[in-house]
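Visitor: I'd like to be walked through this one, and I'll keep asking how the labels were earned.
Guide: Fair enough, here it is.

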Amino acid sequence: MNRLRWFPLILLVTSAAHAEVWKTTKQACQDARFFHGFQLHNAEECAVDFFTLDPVGPAIGSITTGSSFGGGFHFVKQPTANNGFTVKALYTVNSSFLFGGQYQFNFRPPHPIVTGRRPDGHGGQTDITKGNLFITAVHFDLHAQDFYGLGPNSTLAGHAVYRQHETWFGVQGYSPLASLGNYFGIFGVSGQLKYLHPATGGVNGDSFASVRALYGEAGAPSSTVNPDFIAIGAGIDVRTPTSKPRTWEHHEAQATYTHYSELGSSQFSFNRLEVFTSLSFDLSKSLPKPPPGQSLLNQPERSWWSNVLCMENSRKGCDLGSITSTTLLTTSYTSAGSSVPFYLQPTLGGADFQGVDTLRGLVDYRLRAPNRLLTQIDFDKAVANLGVKGHPIGQYGLYAFFDAGNVALTPGQLGDQGLRTDVGVGVSIAVQEKLVFRAYIAFGGGEGSHINAKAANTFALTPQTVGSWIP
């Protein structure tokens with residue numbers, strides 16, 4: 001609770017640190033007229049301006065799944081378009097906190113990558129996909145995380161909790177190398193080098209037993225000892241070109257192999273292979289052309305329900321929605337006598353440690369094991385713009401989904417007990433094409449229906465993106 005005393009002071013300091021931007025924000029918030037007839041668009045602009053103050057400003061969100069919701073501050077310094085430095089701090093209502101800094105450097109590929117060539121070898125354009133390098137240092141302390149046992153046969157009755165805190169720093173990078181053709185995309189490589197100092201313990205005042213007391217080393221490896229690790233990894237990546245020849249299709253495939261080496265021992269050393277694929281199709285149609293002699297600029301504004309059915313875009317058409325198919329496979333390999341620490345094992349159920357939705361028909365972290373398989377199909381569509389009229393900064397959306405997956409203690413057992421499945425519907429809010437909030441209800445996971453609402457993890461990115469704040 002002592003740290004909460006500093007939160008109002010942090011917000012005051014951040015607002016005073018960049019006066020010119022604060023003046024703009026103050027004007028936007030005054031225009032919202034909270035006490036003289038509420039105006040939604042100006043209120044949205046006020047909120048967005050306030051939480052994007054630059055270089056110093058407040059931050060809200062969660063650290064990771066299970067960390068609850070909180071606030072803090074960010075500091076962003078970007079000397080050029082190709083490099084920048086970010087510091088973030090967050091403290092949540094369940095006493096979890098994070099503090100970290102990251103330097104990002106973007107660079108051109110080793111040689112120009114030309115896409116869209118004709119069969120005769122002529123034509124084409126130079127793709128602008130860039131490489132990136134991240135240097136990151138992070139310390140976080142998560143007050144209470146959930147654990148239900150290892151393997152596909154764990155039960156809700158095995159619910160235990162643990163506190164996790166960790167310090168890590170490292171370097172991660174990605175570089176595009178070549179074009180694989182007009183439609184296959186850009187081939188690239190990635191790599192990482194990290195030092196991790198994790199530790200777990202009990203949770204004071206919680207009604208559930210601690211993982212250490214209920215499971216011990218036999219049921220939760222590394223629950224009673226705190227090893228340090230060096231993680232070295234490399235990967236290959238194929239993704240949609242930035243100058244993509246088909247604007248309605250997006251894809252990515254990535255395979256990463258990482259060796260986690262325990263310092264001073266090999267009891268918890270292991271290797272991990274992770275494969276991620278995503279294929280998305282945008283559904284759209286053209287809008288009716290104006291009568292001869294009438295300008296597009298003079299067309300009547302589309303009704304709100306017309307945009308709900310088909311959101312108008314900048315290509316003289318409207319978007320019906322998008323369909324995305326995603327598959328994630330994680331396999332872990334150990335030598336005789338070694339095991340994977342339970343807190344570094346992947347999970348299914350709700351969202352995983354990085355905030356990525358998994359089996360949404362189950363509670364967060366419901367299934368945990370060294371190996372997992374997950375496949376998902378999502379349909380989502382924008383239904384209204386978020387932001388000042390004529391200058392949207394985001395969108396409200398609806399989506400429906402199907403999930404299927406399971407976990408296993410060994411890679412060869414992934415298909416032995418079949419896949420758990422679920423379906424559901426939800427709502428979302430995206431700002432500048434980044435999902436910041438979603439709420440859904442899911443059915444069919446075998447453990448009742450689940451209603452869940454989540455803010456995006458403030459410091460974690462999607463698994464196919466290099467530079468995550470959370471390892």
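**Rings, cores and charges**

Guide: Let's start with a cluster: Phe147, Tyr162, Tyr215, Phe342 and Tyr343 are linked by ring pairs. Keep in mind that this is a predicted model, where local features need pLDDT of at least 70, side-chain atom pairs count only at pLDDT 80 or more, and totals for chains, interfaces and linings use all residues. Residues are numbered from 1 along each chain as its sequence is written, and side-chain values use heavy atoms, with hydrogens and water left out.

Visitor: Why are Tyr162 and Phe342 called an edge-to-face pair?
Guide: Rings of Phe, Tyr and Trp (its six-membered ring) pair if their centres lie within 6.5 Å; planes under 30 degrees apart are stacked, over 60 edge-to-face, and the rest tilted. Here the centres are 4.9 Å apart and the planes make 80 degrees, so the pair is edge-to-face.

Visitor: And what makes Phe342 and Tyr343 an edge-to-face pair?
Guide: Their centres are 5.4 Å apart, with 80 degrees between the planes, so they meet both cut-offs. The structure holds eleven aromatic pairs.

Visitor: What does "buried" mean for Phe342 and Tyr343?
Guide: Buried is under 20% relative accessible area, exposed is over 50%, and partly exposed is in between (1.4 Å probe, protein chains only). Both Phe342 and Tyr343 are buried, so each has under 20%. Tyr162 is buried as well, and 45% of the 471 residues of the protein chain count as buried.

Visitor: What makes a set of residues a nonpolar core?
Guide: The members are buried Ala, Val, Leu, Ile, Met, Phe, Trp, Tyr and Cys residues joined through side-chain atoms within 4.5 Å. The largest such core has 24 residues, and Phe140, Val211, Phe229 and Phe342 touch the most other members. Its largest share, four residues, comes from β7. A second, separate core of seven residues includes Leu362, Ala369, Leu374 and Val407.

Visitor: How do you know that the charged end of Arg360 sits over the ring of Phe401?
Guide: The rule asks for NZ of Lys or CZ of Arg within 6 Å of the ring centre and within 35 degrees of the ring normal. The charged end of Arg360 is 3.8 Å from the centre of the Phe401 ring, so the distance part is met. Arg368 sits over the ring of Tyr365 too, with its charged end 5.6 Å from the centre.

Notes. Helix = DSSP H or I, 4+ residues; strand = E, 2+ residues; numbered from the N terminus.
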